[in-house]
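Work through the following exercises with the sequence and the coordinates open side by side. Each task is followed by a solution that goes step by step.

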Amino acid sequence: MTSETRHSPYVPNTDADRDQIIKCLGVSSTDELFGDIPKQHYLPNLKLNEPLSELEITKELQRLSMLNYTPDTMPCFLGGGAYRHFIPSIVKHVISRGEFATAYTPYQPEVSQGTLQTIYEFQSLVCQLFEMDIANSGMYDGATAIAEAALMACRITNKDRIAVLNTLSPVYVSVIRTYVEPQGLKIYSVDPSDIKLDQETACILVQHPNFYGYLEDLKNIAKVAHENDALLVTSTDPIFLGMFNAPGKYGADIAVAEGQPLGVPLSYGGPYVGLFTCKSDFVRQMPGRIVGKTTDTKQREGYVLTLQTREQHIRRERATSNICTSEALIGTAVVAYIGSMGRVGIKHVAEMTYHKAHYASSMISKIPGYSLPFGGTFFKEFVVRCPISPAKLNSYLLENGLIGGIDVSDRVENGLLIAVTEMNTKEEIDRLVYLMAEHPARGNNLL
Amino acid sequence: MYPNDRKYSKEHEWAKQDINESLLIGITDYAQEHLGDIVYLDLPNVGSMLSKMQKLGEIESVKSVSDIFSPVSGEVIEINNIALDSPELVNSDPHNNGWLVRIIVSNASEFDELLTADEYQSFLDSLGS
Amino acid sequence: MNIEYNERRSLAERSFKGKIGTTLPRLDVPVQDMPDAEDIRTDLFLPEVSEGEVVRYMTLLSQMNFSIDTNYYPLGSCTMKYNPKVNEEMASLPGFANIHPRQPKSTVQGALELAYNLQAILAEIVGMSGCSLSTMAGAQGELAGMLMIRAYHVSRGDHKRKFVLIPDSAHGTNPASAAMCGYEVVTIPSDTAGNMDINALRTACNEETVGLMLTLPNTLGLFDTNILEICKLVHDCGGLVYGDGANMNAMLGRTKLGDLGFDVMHFNLHKTFSTPHGGGGPGSGPVCARDILVPFLPSPVISRNTDEESDSYELYEPDTSIGKTSAFHGNFGMLVRAYTYINLLGASGLLEVSENAVLNANYVLANLKDHYSLPYDRVCMHEVVFSAKMQKQQGVSALDIAKRLIDYGIHPPTMYFPLIVEEALMIEPTETESKETIDNFIQVMQAIAQEVLDDPSLLKNAPYATPNTRLDEAKAARNPDLRWHLSS
């Protein structure tokens, strides 16, 4: 290939450089260096495009991106684990700094104090938000965080059954199954109205507020769990914590969350960051990276990765997890977000979200034919029982330029799960209510 | 240099006869030197029954985890809580205050079969260190 | 005057009641009934800092990092290549960054088309027939791949298999992933040439073998010359071969893992396809599989449906999928970056990547082998592993050499890995570095070898010019201080 002209702007060796290296190596061509590859399988036909210039790929990706409709131009009431919240400009500014974005994992603390101290801030802020003792530096996302929490609870209690409240997000349940079933652990479903645990139960997994947006009775669930020597594992919307009591207050043993609402773009589902906290007694069973504060040889404070003997690069098949990522850059976004929103801002976002969601629910519940099937307190999501199938209603909304809610009719008859955040204007909510009220098929269905 | 008041295993543990027919178990100076800074001990519960060469616990340094094996069979009647809280004691005083567990031996002949200080020293010499 | 001013003080120490960092709009709906007072939080203690102060603090922190934008990282096995800026621009296009993962398919056709195309490209690069992008990191790709192998055996009623074969040179994630599948690990030793010990493999293969997890080129930077026989041995006993794609940089366009006999593999988009490491994530670990394993791919996979009327893309769950590995569809933002990069390079650009990665590594090998011990003296692929055992005789360890490099502005290489090399220094120059940079690195490494002879104590205390000197890791582990507290 040495005779070809150069294609990649990211490969700086010139033809002359390459010739010099080949000469230094005493080989006739680069192909000689690949001599260990079986000849019949060397240089296979590769059916890929010709290289594009930056200008060309930019145009192509702009074309693709414009095929998508975003909630910026099309009002959207989707939640179900990912939420559109306001992101201050500072967040993108901070994580776009090459010194953060293009740094390696901080295994060399002397040249990684920026990343390490930021993670220490992350752990601290997450603990403060959850009222929990300790946090790790982050998991892949909220779903894998709760799956790893279930595995951790089984290690701690040396038991093999996992109780799952049936109001936990179905996608979370599928991820939990992927993680726990191969290890021979058993999942069983529990209804919040009648929580009974057996003695072999390692933990109960609770989403609070639950998948349908409503608060669970954490106080009672904690009591039942602890009476049965099981751990209470909670998954929580972090914005909810700006206004409502934290899981730590109810005695959660492991508390996790999807961190996306804290300043992370929706980005079609990722990258996000799983927040992971627990009681300090359990620190050695925690998965993931942990940063600790220490001192250097001159007695100055500094930070290092610590308790690394839990991790795969040391304990290999006996590690607490195979994870070797902490979504550090997303964690940095969370630090910039909470740092700039601050106590007042987080509370404000939570309250705006609450009031707007409740405004929407009260308006919808007034439309003839629509009702709210669940009682109790909700935060920013709620289920509406529609007079027609939610799928039909959603298509109608879409035809009218609005993305509706999540169809949960497989669990709640004609149920539609609607999420509202501070980003939804009154105008958008009123438009949603108007369209729901005037849906043409509604009349037929009511007969 | 290894004290003659006790016996040793090839896994670098020592066992010393102590009050009321109990045995104190610890790791040797050679072992602590090779482990480096010890940061955490994982020891069995009091009352655990151990058989010879069964895993007794784990010693963690900053970047390694090592299993400790019981040199004899018996019941754990005490663990060294001071060393649990201050694992650096195992580095600084492995043969005395840095002991790990106290065991009541179930088979006295197993103790007799362990290496003497001289035999252990020769064994170390054979390792080339 | 004696002013206490710690410029590294935390957000908690910068917090003062009454400061705000951002403002939000007025509520545009009527105030609603509040929930029960007992549910309302009264103890939310988060810092109160102004925006300018947060920016200055975080900018200061950033400046205490080495990064690809500022420093050279000859970091073996991690492929710290340059991260093109256009990748970032593309991932933050509103049409990608702002779409909700649960949007109806008709509103996200562009995202699905991109992901569909990327699936096809990745499968083509390794010669496999299917791909799922839903795994969020290399280690999760590994886990998914091993779960697929497990599902394959189970689907055939073959329940007796429980041992996963893993070479002694493997990354720690391999055995950890195997264990997460409920399997036991059998370690296969390496031979004196740095290949897998083929006789040990032959002995280990039996009817209880789940399969083999193999990195190619291996973590010694060597292409295993017995690769065809290795795959055959595993297949002959009914096992399958898993490929850890950590070292795919050397293979781009040169050979296809599928052609060599691999059944399933994962990519690390942050290594091979230039997405940024971010100080430890986010990554992305797409899984590619041969036809027999495609039905088990993690969900979702993207399909294209073409008929006379329409041409559209959608998410679907393969019939016998191992299930979901992420709440939604994987780390889409990283997929946009990798797709941008691969299209910029095309087939000829990818060949240029592997060519220069291998040229540069062999150039380093040739110029340092007289200064550092080279345990496997043969042509390497994208990386070369030296041993500092000669320096160890002067009392200087691989760690000391690595720390000394920092004083020359170079990030340390990977150390003490692979485990089978004493005092290992694992160097991966990457293709995105100029010959001037690599020549400088070589000169620095030679200078350090001389320093070891002249003044070993100089290295024991390195680095000198960093925000912190060497840190007390034992103290950090003995008395963990993992957070600050704020209680007002």
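**Exercise 1.** Setting aside neighbours within four places in sequence, find which residues Val301(C) is in contact with, and then decide whether Val301(C) is buried or exposed.

Solution. The model is a predicted one, and the contacts are the place to begin. Once the neighbours within four places in sequence are left aside, Val301(C) is in contact with Ser132(C), Tyr316(C) and Pro318(C). The next step is to place the residue in the secondary structure, where Val301(C) belongs to strand 8 of chain C, which spans residues 301-306. For the burial, count the C-beta atoms around the residue: there are 23 C-beta neighbours inside 10 Å of Val301(C), and because a residue with 20 or more is called buried, Val301(C) counts as buried. As a last step, compare sequence with space for one further pair: Val301(C) and Ile99(C) are 202 residues apart in sequence, while their C-alpha atoms are 18 Å apart.

**Exercise 2.** Locate Tyr268(A), describe its phi, and decide whether the residue is buried or exposed.

Solution. Start with the location, which is the loop between strand 6 and strand 7 of chain A. Then turn to the backbone, where Tyr268(A), although not a glycine, has a positive phi of about 55°. Finally, count the surroundings: Tyr268(A) has 29 C-beta neighbours inside 10 Å and therefore counts as buried. The loop between strand 6 (254-258) and strand 7 (274-278) of chain A also holds Pro271(A), and the peptide bond that joins Gly270(A) and Pro271(A) is cis, with omega about 5°.

**Exercise 3.** For chain C, state what kind of peptide bond leads from Ala462(C) to Pro463(C), and describe the phi and the burial of Ser274(C).

Solution. Take the peptide bond to begin with: from Ala462(C) to Pro463(C) it is cis, and its omega is near 0°. Pro463(C) sits in the loop between helix 16 (456-460) and helix 17 (473-478) of chain C. Now move to Ser274(C), a residue other than glycine whose phi is positive, near 70°. Its place is in the loop between helix 11 (269-272) and strand 7 (287-289) of chain C, and with 24 C-beta neighbours inside 10 Å, Ser274(C) counts as buried.

**Exercise 4.** How many residues does the contact take from chain B and from chain A, and how does the side of chain B divide?

Solution. The count comes before the character of the residues: chain B gives 4 residues to the contact and chain A gives 4 residues. On the side of chain B that touches chain A, the residues divide into 1 nonpolar, 1 polar and 2 charged.

Terms used: Residues are numbered from 1 along each chain as its sequence is written. Chains are lettered from A and ligands numbered from 1 in the order in which they are written. This is a predicted model: local features need pLDDT of at least 70, side-chain atom pairs count only at pLDDT 80 or more; totals for chains, interfaces and linings use all residues. Helices (H or I, at least four residues) and strands (E, at least two) are DSSP runs, numbered from the N terminus. A residue is buried if 20 or more other C-beta atoms lie within 10 Å of its own, exposed if 12 or fewer, and partly exposed in between; C-beta atoms are placed from the backbone. Two residues are in contact if their C-beta atoms, placed from the backbone, lie within 7 Å. Ala, Val, Leu, Ile, Met, Phe, Trp, Tyr, Cys and Pro count as nonpolar, Asp, Glu, Lys and Arg as charged, and the others, Gly among them, as polar.
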